[in-house]
Amino acid sequence: MTEAAEMMHVEVTRFDPDQDEVPKVQEYDIPIQSDWKVLDAINYIKDEVDSSLSHRWSCRMAVCGSCGMMVNGEPKLTCKTSLADYSGSIKIEPLANFPIVRDLVVDIDGFMDKFRQVKPWILRAKERAEDMEALNEKGTFSQSPAELGAFKQFSMCINCLLCYSACPVVANEPEFIGPAAIALGHRYNLDSRDEGARERNETFRGEGTVFSCSFANECSQVCPKNVDPAAAVNQAKLGAVIDWAKGLVLPREGA
Amino acid sequence: MAGTAHPEAMAPPQKGPTRTAPPQMPGTWWGAPRIRTYLLFGATGIVYFIAGTVFLHLVWQLGKGPEAWETALSSLSHPAYIAFNALTLVSVIFVGVRAFGGMMPKMQPRTGPIPVLPAGTVKALIYGVWSLMTLVICLILAGVLF
């Protein structure tokens, strides 16, 4: 068992909707272990110092995307961020750009609504829903490794929302659909099994979508899974324009 | 958190029963190096705006007649304009490098038969094409080509 190596000064944002008008800062001095992540420090405070602290976490291995918070002003997955990277003191705040529900917990309903707008699931054209030729003998759609490789990177998103927290457009334009939602929409546009690209591209051409992105590239900088949402957004811009241009010169299928 | 985001940023479509604190931004958002780079990127828009205005002015003078055109051309040799041209060049290179930086593969696909080129190779290709295009344009402008 590792021994307590040193003390750390931790500043945590607190907000109780029943009592506080605005969020405030509470300070703790806690003993830390050299191999702790930031989440360990928060859990220590919750378990040993102040049980009223509220925060979200689950898997502890950068898969569930629950424990995103601002650490010294940077959006981080706290289960993936080592305390050893900080010395002396650390400031933990709820994700920026989101309404704060309580302490370090933010309201993600706005994200879920934006997420649904891009239809992040496989869409099949109605007239081909019964097209059995597209199915293999097991009754599933075959996909080659190359076809999988085309979108796999964008499917690695864990919806941790760090990209929304880092994005200057999200901070200033409430209609903006945001990096993760666009990346997921684009992921399905690239999926060989999907036939909903036209539908999604119409969404992408709408207000507050891909063309609101000012190419700050912040989303890709903070993404803990290297999804590169900025690339997805800018590829989606191109896809939406090509689709629009095709619509000018080519007849619509089934029209 | 000292800065404030838009009060409606990431707001849910329907207000829930729980009162929430408005969305905030780190008070030092502008101090992060990558944000400073972004602000600099935005500031290059001013340079392009001025360059565009000068271009429109030249076109306007061209329409006025040969004398006005000659006067406008001679004004371009002013040291201030040459310095501004250098600033425009730096801005273009900065924006180009920043844009190309976004094109680098961030993650190697783990599946598929098509190998993804290493980031260094992609970088060399991008900058190679850029340099070649710049050289061709310079040769055309110098009258060597065509």
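Of the 146 residues in chain B, 23% count as buried. This is a predicted model, so keep that in mind as you work through the exercises.

**Exercise 1. Work out the layout of chain B: how many helices and strands are there, and in what pattern do they follow along the sequence?**

Step 1: count the elements. Chain B holds 4 helices and 2 strands.
Step 2: read along the sequence. The pattern comes out as β-β-α-α-α-α.
Step 3: check the contacts. Of those in chain B with a separation of 6 or more, 44% join residues 24 or more positions apart.

**Exercise 2. Classify the packing of helix 1 of chain B against helix 3 of chain B: what are the crossing angle and the handedness?**

Step 1: take the axes. Helix 1 (residues 33-64) and helix 3 (residues 79-101) of chain B come within 9 Å and cross at roughly 135 degrees.
Step 2: name the arrangement. Roughly antiparallel would need an angle over 145 degrees, so helix 1 of chain B ends up oblique to helix 3 of chain B.
Step 3: add the hand. The crossing of these two helices is left-handed.
Step 4: list who meets whom. From helix 1 of chain B, the residues include T37(B), F41(B), T44(B), Y48(B) and A51(B), while helix 3 of chain B brings in, among others, F84(B), T88(B), S91(B), V95(B) and R98(B).
Step 5: sort by class. The contact of helix 1 with helix 3 of chain B splits into 14 nonpolar, 4 polar and 1 charged.

**Exercise 3. Zoom in on T44(B): is it buried or exposed, and which residues does it touch?**

Step 1: place the residue. T44(B) sits in helix 1 of chain B.
Step 2: look at accessibility. T44(B) has a relative accessible area of 7%, so it is buried.
Step 3: find its partners. Leaving out residues up to four places away in sequence, T44(B) touches S91(B), F94(B) and V95(B).
Step 4: take one pair. T44(B) and F94(B) are 50 residues apart along the chain, yet their C-alpha atoms are separated by 8.8 Å.

**Exercise 4. Do the job again for helix 3 and helix 4 of chain B: at what angle do the axes cross?**

Step 1: take the axes. Those of helix 3 and helix 4 of chain B come within 11 Å and cross at roughly 150 degrees.
Step 2: name the arrangement. That makes helix 3 of chain B roughly antiparallel to helix 4 of chain B.
Step 3: add the hand. Helix 3 of chain B passes helix 4 of chain B in a right-handed crossing.
Step 4: list the residues. V92(B), I93(B), G96(B), V97(B) and F100(B) of helix 3 of chain B make the contact with I126(B), Y127(B) and W130(B) of helix 4 of chain B.
Step 5: sort by class. This contact of helix 3 with helix 4 of chain B has 7 nonpolar, 1 polar and no charged residues.
Step 6: check the length of helix 4 of chain B (residues 119-141). Its 23 residues reach 33 Å from first C-alpha to last, close to the 33 Å expected at 1.5 Å a residue.

**Exercise 5. Compare phi at M10(B) and N226(A): what is the value for each, and where does each residue lie?**

Step 1: recall the background. Most residues other than glycine have a negative phi.
Step 2: take M10(B). Its phi is positive, about 55 degrees, although M10(B) is not a glycine. M10(B) is in the loop between strand 1 (3-4) and strand 2 (24-25) of chain B, and at 1% relative accessibility it counts as buried.
Step 3: take N226(A). Phi of N226(A) is positive too, near 55 degrees. N226(A) lies in the loop between helix 8 (218-222) and helix 9 (229-249) of chain A, and at 38% relative accessibility it counts as partly exposed.

Note on methods:
Residues are numbered from 1 along each chain as its sequence is written. Chains are lettered from A and ligands numbered from 1 in the order in which they are written. This is a predicted model: local features need pLDDT of at least 70, side-chain atom pairs count only at pLDDT 80 or more; totals for chains, interfaces and linings use all residues. Side-chain values use heavy atoms; hydrogens and water are left out. Axes are lines fitted to C-alpha atoms, for helices over the stretch in contact, and angles run from 0 to 180 degrees between N-to-C directions. Angles under 35 degrees count as roughly parallel, over 145 as roughly antiparallel, 65 to 115 as roughly perpendicular and the rest as oblique. A crossing is left-handed if the near helix is turned anticlockwise from the far one by less than a right angle, and right-handed if clockwise. Contact means heavy atoms within 4.5 Å. Ala, Val, Leu, Ile, Met, Phe, Trp, Tyr, Cys and Pro count as nonpolar, Asp, Glu, Lys and Arg as charged, and the others, Gly among them, as polar. The expected span of a helix is 1.5 Å times one less than its number of residues. Buried means under 20% relative accessible area, exposed over 50%, partly exposed in between (1.4 Å probe, protein chains only).
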